[in-house]
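I opened a fresh page to keep track of what I look up in this protein, one topic at a time. The structure goes in first, and my entries come after.

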Amino acid sequence: MLTAALTIARKDLRLALAGAQGLVQTVLLGLLLIFIMSLSREPGEMSPPLAAAAVFWLATAFGQVLVFNHLFGLEEAEGARLGLLLSPAPAQAVWLGKAAAGWVLLFCCQMVFAPAAVVFLGQRIAGSVWLGLGVVAAVDWGLCALGSLLGALSVGRSSRESLLTVILFPLLVPVLLAGIRLLETVISGRGFEAVAAWAGTVGAFDAVFTAAALVLFPFLYTGEE
């Protein structure tokens, strides 16, 4: 399964980066959200770290929808979904490959969002940058595990963007809240012990939806009852 998943991930990354349209749209949307939120503060005023973390994850959440709509639309546009269904690879490999490709693309977008948030929202990173990258990577996996699972629901539907958004965002609330609090701790440089419970929330969210995806994705993607 891992070999097939890596093959699907490489294929999706190659197609996504070759056209770059979906990635550019995601980056531009995130930058627009960060810029609009920055207008709420006075010139020279520093936004609270909690607000900056919330804006960063808000841009990420909207970007995630565009990323997975694009990834699942690749096969729809070329009529290649049937080929994936008929291939000997298990359906779970499709989920894992899409999630891995989405994780890489989302992380690349965040490498643009982060400096934009620092500049436009007037932030100074007082904590460890490596710890911040670890927090972002962990939260991103939960976002992508769920995004890849629910992306299968929108396949073949003309209103897939709105459908994915309506179902996805309520389920993302726990991991987004945890990501906001953890990233705020990194920005402000406070002790990580105070938010250890939020780190547990991220780990539990990742584990639950990874397990759920492995069980449910074949039924959602193939349309079996």
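The entries below go from the overall fold to the surface and then to the empty spaces.

**Entry 1, the fold.** I began by noting that this is a predicted model, and I kept that in mind for each later entry. I then looked up the secondary structure and found that the protein has 8 helices and 0 strands, so that, read along the sequence, the pattern is α-α-α-α-α-α-α-α. I also looked up burial, and of the 225 residues in the protein, 43% are buried.

**Entry 2, the surface.** Which residues form a nonpolar patch on the surface? I wrote down Leu32, Phe35, Ile36, Leu39, Val118, Val119, Phe120, Ile125 and Val129, which together have about 800 Å² of accessible area. The elements that give two or more residues to this patch are α2, which spans 21-38, and α5, which spans 91-120.

I picked one member of the patch for a closer look, namely Val119, which is found in helix α5. Is Val119 buried or exposed? Its relative accessible area is 59%, and because a residue counts as exposed over 50%, Val119 is exposed.

**Entry 3, the largest pocket.** Next I turned to empty space, since rolling a probe the size of a water molecule over the atoms shows where such space is left. The largest pocket holds about 330 Å³ of space. Its lining is made of 18 residues, and those that lie nearest the centre of the pocket are Ala114, Val118, Ile125, Leu183 and Ile187. The elements that give two or more residues to this lining are α3 (49-78), α5, α6 (129-151) and α7 (160-188).

Which element gives the most to the lining of the largest pocket? I found that α5 does, with 5 residues. I noted too that Val118 and Ile125 are listed in the nonpolar patch and again among the residues nearest the centre of the pocket. By class, the pocket lining divides into 14 nonpolar and 4 polar residues, with no charged ones.

**Entry 4, the cavity.** My last search was for closed space, and the structure holds 1 cavity of 30 Å³ or more, with about 50 Å³ of space in it. Ala16, Gly22, Leu23, Thr26, Leu66, Val67, His70 and Leu105 line this cavity, and the elements that give two or more residues to the lining are α2 and α3. I sorted the cavity lining by class as well, and it has 5 nonpolar, 3 polar and no charged residues.

Notes: Residues are numbered from 1 along each chain as its sequence is written. This is a predicted model: local features need pLDDT of at least 70, side-chain atom pairs count only at pLDDT 80 or more; totals for chains, interfaces and linings use all residues. Side-chain values use heavy atoms; hydrogens and water are left out. Patches are made of residues with over 30% relative accessible area and no salt bridge: like charges are joined within 9 Å, nonpolar side chains (Val, Leu, Ile, Met, Phe, Trp, Tyr) within 5 Å. Accessible areas come from the Shrake-Rupley method with a 1.4 Å probe; for residues, only the protein chains shown count as cover. A salt bridge is a side-chain nitrogen of Lys or Arg within 4 Å of a carboxyl oxygen of Asp or Glu. Helices (H or I, at least four residues) and strands (E, at least two) are DSSP runs, numbered from the N terminus. Buried means under 20% relative accessible area, exposed over 50%, partly exposed in between (1.4 Å probe, protein chains only). On a 1 Å grid over the protein atoms alone, a cavity is a set of points where a 1.4 Å probe fits but cannot get out, and a pocket is an open set with protein on both sides within 12 Å along at least five of seven lines; lining residues have an atom within 4 Å of a point. Grid points are joined across faces, edges and corners, and a volume is the space filled by probe spheres set on the points. Ala, Val, Leu, Ile, Met, Phe, Trp, Tyr, Cys and Pro count as nonpolar, Asp, Glu, Lys and Arg as charged, and the others, Gly among them, as polar.
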